[in-house]
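The following exercises are to be worked with the sequence and the structure at hand. Each task is followed by a solution in steps.

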Amino acid sequence: VQLQASGGGLVQPGGSLTLSCAASGNFYSVYAMNWYRQAPGNQRELVASSTKGGNLNYADSVKGRFTISRDNAKDTLYLQMNSLKPEDTAVYYCNANVEVERGTRERSYWGQGTLVTVSS
């Protein structure tokens, strides 16, 4: 199972970016999919989460600015980030709980991270 994240880059304060994360490989099903971020000197923190059934949760710091969504048919996760602030600067990681073989326990997988820099 591989998670490929993309979409990071440099953006000015107030700007927008959309991150994508596609799951690939041989597996039975993908369940919860999440976005985390880690800024320099900080611990990794949960930004937003999405269950396969559509329950969404956000960190207080991004509520009203970020939107998480997913395409279950494509096993792809998105993060639309609006009104970006310098404090949103971080490496963003996608994470997914995957049932690799039917009937087996879900395992957690991580993408490689994509850097988002918010600066003028």
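**Exercise 1. The nonpolar core**

In this predicted model, identify the residues with the most contacts inside the largest nonpolar core, and state which element gives the most to this core.

*Solution.* Step 1: The largest nonpolar core has 30 residues, and W35, V47, F66, L79, M81 and Y92 have the most contacts inside it. Step 2: Two or more residues each come from β1 (2-6), β3 (17-24), β4 (29-38), β5 (45-50), β7, β8, β9 and β11 (114-118). Step 3: With 5 residues, β9 gives the most to this core. Step 4: A general tendency may be recalled here, namely that nonpolar side chains in soluble globular proteins tend to be buried together.

**Exercise 2. The open sheet**

Determine the order of the strands in the open sheet of 4 strands, and explain which strands stand at its edges.

*Solution.* Step 1: The order is β1-β3-β8-β7, and the pairing is antiparallel. Step 2: β1 and β7 each have a single partner strand, so each stands at an edge with one side lacking a neighbour in the sheet. Step 3: From one strand to the next, the twist averages 15 degrees.

**Exercise 3. F66 and its surroundings**

State which residue of β8 stands opposite F66, and list residues that F66 touches.

*Solution.* Step 1: β7 (66-71) and β8 (76-81) pair in the antiparallel sense over 6 bridges. Step 2: The residue of β8 opposite F66 is M81. Step 3: Leaving aside residues up to four places away in sequence, F66 touches R37, V47, Y58, L79, Q80, M81, N82, L84, D88 and Y92.

**Exercise 4. Positive phi in loops**

Locate D75 and S83 in the chain, and give the phi of D75 and of S83.

*Solution.* Step 1: Most residues other than glycine have a negative phi. Step 2: D75, in the loop between β7 and β8, has a positive phi near 50 degrees. Step 3: S83 lies in the loop between β8 and β9 (90-99), and its phi is also positive, at about 50 degrees. Step 4: S83 has a relative accessible area of 40%, between the limits of 20% and 50%, and is therefore partly exposed.

**Exercise 5. Q112**

Is Q112 buried, exposed or partly exposed, and which residues does Q112 touch?

*Solution.* Step 1: Q112 belongs to the loop between β10 (107-110) and β11. Step 2: Its relative accessibility is 43%, so Q112 counts as partly exposed. Step 3: Residues up to four places away in sequence excluded, Q112 touches L3, Q4, A5 and Y93. Step 4: The Q112 side chain reaches the backbone oxygen of A5 at 2.9 Å.

Conventions. Residues numbered from 1 in each chain as written. Predicted model: local features only at pLDDT ≥ 70, side-chain atom pairs only at ≥ 80, totals over all residues. Heavy atoms only, no water. Buried < 20%, exposed > 50% of the residue type's maximum accessible area, 1.4 Å probe, protein only. Core = buried A, V, L, I, M, F, W, Y, C linked by side-chain atoms within 4.5 Å. Contact = heavy atoms within 4.5 Å. Pairing = 2+ DSSP bridges. Axes fitted to C-alpha atoms, helices over the stretch in contact; angles between N-to-C directions. Polar contact = N/O pair within 3.5 Å; in protein donor to acceptor, adjacent residues only side chain to side chain.
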